[in-house]
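Visitor: I'd like to see how the labels on a model like this are earned. Could you walk me through it?

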Amino acid sequence: MRILRFAIRCLITSSLALATTVTLAGEVGVTDNTILIGAFGPITGGATFLGLGGRAGAELAYKEINDAGGVNGRKLKMIFYDDGFSPSQALADVKRLVEQDKVFMINDLSGSNPTLGTIPYLRRAKVPTYVTIASAPPVTHPFNRYLFRGATTETERFGELNAEFMADFLQVKHIAIVSGVEENLKTEADQTIAMLDKWYKMKPVMRVEFKVGDKDFTPQLLKVKESGADFIFVVGQTPEASIIIRQARELGLRQPIQVAPSSVDNALIANLGPDAEGVMGLWGAGAFLDSHNPDMLKFRKAWAKMNPDAPKGRPNLFDVWGYTEVYVIAEALRKAGRDLTRDKFIDALESLHDYRVSEIATPRTFTHWHHIGNLSQTIMIVVAGHWVPLRWDPKRESEVLANYKK
């Protein structure tokens, strides 16, 4: 009996030692051959162009990276769930990815509303999260070691740029704002109004709102017509912005129109035809989609090969962002080394300075105190059926960038 007890004790000790060895030898979501990355975005619901674009771009990047040998000898594997553009579903998806699927990190490919539903949980879970599209301020304010904002910038930055472009460069005096009630759209309009007041002591002559899925904007546009506005800022996603602009022109509103960054999309031109001429908006990537830039042509060719039956207007901005941000993640994974941990990955992300995948992306820079990777935006304008860059250098850019260090 004594011999039996000794044998059992030895077996338990050996098992515990083995378990400890297995735990210490790897990180959650990491095996000798793979790194498991969780992702979510809207494939159904009111913003499918976000999720479909983000997912397709990411899938292309994963294929290219894995075909080239992966990262430090490991292939990248994505598990993607549809959040239906719902905060509660996004939270359920993230919990499933973290607690059931045991992913190494989260790559958020959704919009601001669903993303906001996940932020408190992700802060508590301490899972590295790279937000590609959502611009809602709570992603990076207050600062959190585990949360990063990649391709998009935050809505406060959009507000700064919008205000300077409208009031200083265009010299408009009477601005009408037509904005959606979604988190990112409402906040961009709010921030633009705040910066117009702070920097130029200007207030919009009026502001009206709409909901995702609305089809008739006549009541709002009649108020714009009565306001005496000399400029219209349409803060919406592409489907609603397209209808608003078409109905505005039908009502005889010929004022210059600026759209939100999410509507700087070839689909807007496809929807509007000649009515798109002169529309302006901020573009947060590098070369535009239909430019002849070699890097963009290479991306479009590879994307079309993977998506031969894509609808008109694709790829869009979110395809580009989904693609480029996987490469940013992969670069940080590479820098973190073969002995990969979540902390080493975060340290590697924070060491990226002016990292640029190619000319289809703007540079990404992170630090240990600043997790907004992209502060660069370009004003685009529709000319002869194409988005082209408008030469404009923000005068306040150095001042604004310095404030982020405070």
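**Helix, strands, loop and cavity**

Visitor: How do you know that the span of helix α9 (residues 238-250) agrees with what it should be?
Guide: At 1.5 Å a residue, its 13 residues should span 18 Å, and the end C-alpha atoms are 18 Å apart, so the two agree. The expected span is 1.5 Å times one less than the number of residues. Helices here are DSSP runs of H or I with at least four residues, strands are E runs of at least two, and both are numbered from the N terminus. Some housekeeping: this is a predicted model, local features need pLDDT of at least 70, side-chain atom pairs count only at pLDDT 80 or more, and totals for chains, interfaces and linings use all residues. Residues are numbered from 1 along each chain as its sequence is written, and side-chain values use heavy atoms, with hydrogens and water left out.

Visitor: What makes α9 mostly covered?
Guide: Of its 13 residues, 10 are buried, meaning under 20% relative accessible area (exposed is over 50%, partly exposed in between; 1.4 Å probe, protein chains only). Among them are E240, I244 and R249. The buried residues pack against β6 (175-180), β7 (206-210), α8 (218-227), β8 (231-235), β9 (257-259) and α10 (266-272).

Visitor: Why is N33 called exposed?
Guide: Its relative accessible area is 54%, and the label asks for over 50%. N33 sits in the loop between α1 (2-25) and β1. Leaving aside neighbours within four places in sequence, N33 is in contact (heavy atoms within 4.5 Å) with G73, R74 and K75.

Visitor: What makes β1 (residues 34-41) and β3 a pair?
Guide: Pairing takes at least two DSSP bridges, and 4 join these parallel strands. One bridge partner couple is F40 and D108. β3 also pairs with β4 (residues 129-131), in the parallel sense over 3 bridges.

Visitor: How do you know that both faces of β3 (residues 105-108) are covered?
Guide: M105 and N107 on one side, and I106 and D108 on the other, are all buried. In a regular strand, side chains alternate between the two faces of the sheet.

Visitor: What makes something a cavity here?
Guide: On a 1 Å grid over the protein atoms alone, it's a set of points where a 1.4 Å probe fits but cannot get out; lining residues have an atom within 4 Å of a point. The structure holds 3 cavities of 30 Å³ or more. The largest has a volume of about 190 Å³, volume being the space filled by probe spheres set on the points, which are joined across faces, edges and corners. Of its 20 lining residues, the closest to its centre are I133, S135, T152, N184 and S262.

Key: 1 Å grid on protein atoms, 1.4 Å probe; cavity = no way out; pocket = protein on both sides within 12 Å on 5 of 7 lines; lining within 4 Å.
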